[in-house]
Amino acid sequence: MAQLLIVYHTRTGGSRQMAEAAAAAARDETRTVLKRAEDAGPEDLLAADGYIFCAPENLAALSGQMKEFFDRCYYPVLGKIEGRPYAQMVCAGSDGENAARQCARIATGWRLKEVQAPLIVCTHAQTPEAILADKVIPEDELEACRELGLALGAGLAMGVF
């Protein structure tokens, strides 16, 4: 059975909710592993057949902990995971585009195959208090995360990618 790896980082809970929603739906289709970025490593990437990367955008960039995951894993798996499918989700306070671009550049270096455009959930958090507050992702946004997880899980299970 194919395996989907979902790696996420969260500081205020938004990305965690998104990753959990995608994982719950994907589990209906294929073996799914959900790991925090600080707990995931090269061995997890090598064991998986496809990926979802989920992180917040912090200061108009990919979160530091997610970037550290990519830094730790980049060279150990380079040339070993080419062609595997991936998608990404970003939890952003404004637009999330730069974080998505950064993740896509890393995935391009690994020669992964993007199977869906980035899913960006905007919380519109613009004040220090709102940015630092625990996030609650609305149900319609979580449904989009579930749809992404379901689609990637089903595609892996059917050998579409």
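Reader: How do β1 and β3 pair, parallel or antiparallel, and over how many bridges?
Author: This is a predicted model. In it, strand β1 (residues 3-8) pairs with β3 in the parallel sense, over five bridges.

Reader: Which residue in β3 is the bridge partner of Tyr-8?
Author: Cys-54.

Reader: And β5, which sense there?
Author: Parallel. β3 and strand β5 (residues 85-92) pair over six bridges. One residue pair to look at: Ala-55 has Val-90 in β5 as its bridge partner.

Reader: What about β4?
Author: β4 covers residues 61-62 and runs antiparallel to β3. Two bridges join them. Glu-57 stands opposite Leu-62 of β4.

Reader: Is β3 largely enclosed or open, and why?
Author: Largely enclosed by the rest of the structure, because eight of the nine residues in β3 (residues 50-58) are buried. Buried here means under 20% relative accessible area.

Reader: Back to the hairpin. How many residues sit between β3 and β4?
Author: Two. Leu-59, in the loop between those strands, takes a positive phi near 55°.

Reader: Why flag that phi?
Author: Because most residues other than glycine have a negative phi. Leu-59 is a residue other than glycine, and its phi is positive.

Reader: Leu-59, buried or exposed?
Author: Exposed. Its relative accessibility is 86%, so it passes the cut-off of over 50%.

Reader: Which residue in the loop between α4 and β6 should I check?
Author: Arg-111. That loop runs between α4 (97-110) and β6 (113-114). Arg-111 has a positive phi of about 60°, though it is not a glycine.

Reader: Arg-111, buried or exposed?
Author: Exposed, with a relative accessible area of 53%.

Reader: New topic, pockets. How much space lies in the largest one?
Author: About 460 Å³. Its lining counts 22 residues.

Reader: Which of them lie nearest its centre?
Author: Glu-57, Asn-58, Leu-59, Gly-93 and Ile-131. The elements that give two or more residues to the lining are α1 (14-26), β3, β5 and α5 (128-132).

Reader: Which element gives the most?
Author: β3, with three residues. So Glu-57, the residue opposite Leu-62, is also among those nearest the pocket centre.

Reader: Cavities next. How many of 30 Å³ or more turn up?
Author: One, from a search of the whole structure. The largest cavity holds about 30 Å³ of space.

Reader: What lines it?
Author: The lining includes Phe-53, Cys-54 and Ala-55. Also among the lining residues are Leu-62, Met-66, Phe-70, Gln-88, Met-89, Val-90 and Cys-103.

Reader: Which elements supply at least two of those residues each?
Author: β3, α3 (64-77) and β5. The bridge partners Ala-55 and Val-90 both appear in that lining. Cys-54, the partner of Tyr-8, lines the cavity too.

Reader: Last one, the surface. Which residues make the nonpolar patch?
Author: Val-115, Met-158, Val-160 and Phe-161. The patch has an area of about 370 Å².

Reader: Where is Val-160?
Author: In the segment after α6 (139-158).

Reader: And Val-160, buried or exposed?
Author: Exposed. Its relative accessible area is 54%.

Conventions:
Residues numbered from 1 in each chain as written. Predicted model: local features only at pLDDT ≥ 70, side-chain atom pairs only at ≥ 80, totals over all residues. Heavy atoms only, no water. Buried < 20%, exposed > 50% of the residue type's maximum accessible area, 1.4 Å probe, protein only. Helix = DSSP H or I, 4+ residues; strand = E, 2+ residues; numbered from the N terminus. Pairing = 2+ DSSP bridges. Patch = residues over 30% accessible without salt bridge, like charges linked within 9 Å, V, L, I, M, F, W, Y side chains within 5 Å. Areas by Shrake-Rupley, 256 points an atom, 1.4 Å probe, with all protein chains shown as cover. Salt bridge = Lys/Arg side-chain N within 4 Å of Asp/Glu carboxyl O. 1 Å grid on protein atoms, 1.4 Å probe; cavity = no way out; pocket = protein on both sides within 12 Å on 5 of 7 lines; lining within 4 Å. Points joined across faces, edges and corners; volume = space filled by probe spheres on them.
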